[in-house]
Amino acid sequence: MSVRLEALPRRHVLTVPSRPPAVRLARETAEQVLVEWGIGLRHPAVDPALLILSELVTNCVRHAAVLSPQVTVIYAAGADCLALAVHDRHPYQPQLYGAVTGNGAGGLGTVMELVITLGGTAVVRGDADGQGKSIWITLPL
């Protein structure tokens, strides 16, 4: 799935403190913007997308908050694609496609299992200063 993210016409950005309530707020915001964009909550990609989002924001809260007081979520969509990005200011860049899958432990393994199953893509993009990163997930609609 090759998508030029800048070409996606719908976007919404949420920045919140890197605290546990961020997970719920990110999910609720996703549900709201998806409905506003005409993507029904019963669409087969929505539940997996919400789980992916929850896992990525949870990782920021658990592992990046010490260096990243805020987490930013970018929601984007086009006619046939949904994209989510979670950004923090921690320099560690995980190896997404090396994440262990199928062990029921959650985290990046779950994220990558869902992305691959749905035919999506995942990429880590480092900040220009090397002090943060975004994890971008694209899923076909």
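The following legends describe close-up views of a predicted model.

**Figure 1. Confidence of the predicted chain.** The predicted model has an average pLDDT of 91 over the chain, and 90% of the residues score at least 70. Among the elements of the chain, the highest mean pLDDT, 98, belongs to helix H1. The lowest, 92, belongs to helix H3, which comprises residues 107–118.

**Figure 2. The open sheet of 5 strands.** The strands follow the order E1-E2-E3-E5-E4, and their pairing is antiparallel. Strand E1 (10–17) and strand E4 form the edges, each pairing on one side only. On average, neighbouring strands of this sheet are turned by 15° against each other, direction ignored.

**Figure 3. The pairing of strands E2 and E3.** Strand E2, residues 70–77, runs antiparallel to E3 and is joined to E3 by 6 bridges. Within this pair, Val 73 of E2 faces a second valine, as Val 86 in E3 stands opposite.

**Figure 4. Helices H2 and H3 against the sheet.** Helix H2 lies across three strands, namely E2, E3 and E5. The direction of H2 makes an angle of about 5° with E3. Helix H3 also packs on the sheet, where H3 touches E4 and E5. Relative to the direction of E5, that of H3 is set at about 35°.

**Figure 5. The hairpin of strands E4 and E5.** Strand E4 spans residues 121–126 and strand E5 spans residues 133–140; the two pair in the antiparallel sense over 6 bridges. Across this pairing, Trp 136 in E5 has Val 123 opposite. Between the strands of the hairpin are 6 residues. In this hairpin, Gly 130 adopts a positive phi near 75°.

**Figure 6. The cavity and its lining.** A search of the whole structure for cavities of 30 Å³ or more finds 1. The volume of the largest cavity is about 40 Å³. Its lining includes Ala 30, Val 33, Leu 34 and Trp 37. Also in the lining of the largest cavity are Ala 49, Leu 50 and Leu 53, together with Tyr 75, Leu 82 and Leu 84. At least two lining residues come from each of helix H1 (21–36), helix H2 (46–64) and strand E3 (81–88). In character, the lining consists of 10 nonpolar residues, with no polar and no charged ones.

Methods
Residues numbered from 1 in each chain as written. Predicted model: local features only at pLDDT ≥ 70, side-chain atom pairs only at ≥ 80, totals over all residues. Heavy atoms only, no water. Pairing = 2+ DSSP bridges. Helix = DSSP H or I, 4+ residues; strand = E, 2+ residues; numbered from the N terminus. 1 Å grid on protein atoms, 1.4 Å probe; cavity = no way out; pocket = protein on both sides within 12 Å on 5 of 7 lines; lining within 4 Å. Points joined across faces, edges and corners; volume = space filled by probe spheres on them. Nonpolar A, V, L, I, M, F, W, Y, C, P; charged D, E, K, R; others polar. pLDDT = per-residue confidence, 0-100. Axes fitted to C-alpha atoms, helices over the stretch in contact; angles between N-to-C directions. Contact = heavy atoms within 4.5 Å.
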